[in-house]
Amino acid sequence: MGFPPIFFDHIISVKHGGATTADNLCYACIFCNLQKGTDLGSINWQTGELVRFFNPRRDFWGKHFRLDEAVIQHQTDIGEVTARILDFNGDERLLERQALMASGQYPSASALKQINK
């Protein structure tokens with residue numbers, strides 16, 4: 001078992017005027033890429049507000065999320081809509097993370113640096 005394939009994803013999709021430039025591209029696993037599609041955000045069902053997704057170029061991961069064993073917990077509205085729509089904690093993703101944790105592959109040292117900045 002290893003990590004799923006990684007793709008380049010437009011943070012703001014071309015459909016919404018996003019450019020294919022380094023500052024608008026990020027790495028995304030196939031699961032996140034397919035779940036996000038061309039969406040820019042979602043509704044926070046607690047408040048009814050439209051909330052943008054986490055932007056890996058502008059936002060600090062540790063402000064919006066925290067890792068609790070294999071579960072990615074949201075800390076903010078941005079974290080909530082991102083985790084929900086991208087299905088961060090779906091059954092298959094949790095099982096995959098647990099297996100990677102058991103083999104010492106998750107989270108990686110470089111990911112821990114980003115998480116704990």
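**Group meeting: charges, a helix and a core**

Okay, let's start with one residue: Asp59 has a relative accessibility of 15%, so it counts as buried. Before I go on, keep in mind that what you're looking at is a predicted model.

So what does Asp59 form a salt bridge with? Its partner is Arg52, and the closest N and O atoms of the two are 2.7 Å apart. Arg52 has a relative accessibility of 33%, so that one counts as partly exposed.

That's one pair, and the salt bridge count comes to 3. Next up is Asp9 with Lys36, whose side chains meet at 3.7 Å, N to O. This pair ties together distant parts of the chain, with Asp9 sitting in strand E1 and Lys36 in helix H1, 27 residues apart. Are these two buried or exposed? Asp9 is buried, with a relative accessible area of 9%, and Lys36 is buried too, at 8%.

The other pair I want to show you is Arg84 and Glu80, where the side chains meet in a salt bridge of 2.9 Å, N to O. Both residues belong to helix H3, and because they're 4 residues apart there, about one helical turn separates them. If you want the general picture, an α-helix has 3.6 residues a turn, so residues three or four places apart point the same way. As for accessibility, Arg84 is at 31%, so it counts as partly exposed, while Glu80 is at 18% and therefore counts as buried.

Now let's stay with H3. Why do we call this helix largely enclosed by the rest of the structure? Because 7 of its 9 residues, in the stretch 77-85, are buried. If you're following on screen, the buried ones are Ile78, Gly79, Glu80, Val81, Thr82, Ala83 and Ile85. And what do they pack against? On the helix side there's H1 (30-36) and H2 (61-64). On the strand side there's E3 (41-43), E4 (50-52), E5 (65-68) and E6 (71-74). Just after H3, have a look at Asp87, which takes a positive phi of about 55 degrees.

Right, on to the core. The largest nonpolar core has 15 residues, and the members that touch the most others are Trp61, Phe65, Leu86 and Phe88. H3 turns up again here, since it gives the most to this core, with 4 residues. In soluble globular proteins, nonpolar side chains do tend to be buried together.

Let's zoom in on Phe88. Leaving out neighbours within four places in sequence, Phe88 is in contact with Cys32, Phe65, Ile72, Thr82, Ala83, Arg93 and Arg97.

Arg97 on that list deserves a stop of its own. You'll find Arg97 in helix H4, residues 91-102. Arg97 is buried, yet it has no salt bridge. How far away is the nearest side chain of opposite charge? That's Glu96, at 6.7 Å. With sequence neighbours within four places set aside, Arg97 is in contact with Ala70, Val71, Ile72, Phe88, Asn89 and Tyr106.

Last stop, the surface. Ile6, Phe8 and Tyr27 make a nonpolar patch of about 410 Å². Phe8 is in strand E1, residues 6-10, which is also where we met Asp9. But while Asp9 is buried, Phe8 has a relative accessibility of 61%, so it counts as exposed.

Okay, that's my tour. Over to you.

Note on methods: Residues are numbered from 1 along each chain as its sequence is written. This is a predicted model: local features need pLDDT of at least 70, side-chain atom pairs count only at pLDDT 80 or more; totals for chains, interfaces and linings use all residues. Side-chain values use heavy atoms; hydrogens and water are left out. Helices (H or I, at least four residues) and strands (E, at least two) are DSSP runs, numbered from the N terminus. Buried means under 20% relative accessible area, exposed over 50%, partly exposed in between (1.4 Å probe, protein chains only). Lys and Arg count as positive and Asp and Glu as negative; His and the chain ends are not counted. A salt bridge is a side-chain nitrogen of Lys or Arg within 4 Å of a carboxyl oxygen of Asp or Glu. Contact means heavy atoms within 4.5 Å. A nonpolar core is a set of buried Ala, Val, Leu, Ile, Met, Phe, Trp, Tyr and Cys residues joined through side-chain atoms within 4.5 Å. Patches are made of residues with over 30% relative accessible area and no salt bridge: like charges are joined within 9 Å, nonpolar side chains (Val, Leu, Ile, Met, Phe, Trp, Tyr) within 5 Å. Accessible areas come from the Shrake-Rupley method with a 1.4 Å probe; for residues, only the protein chains shown count as cover.
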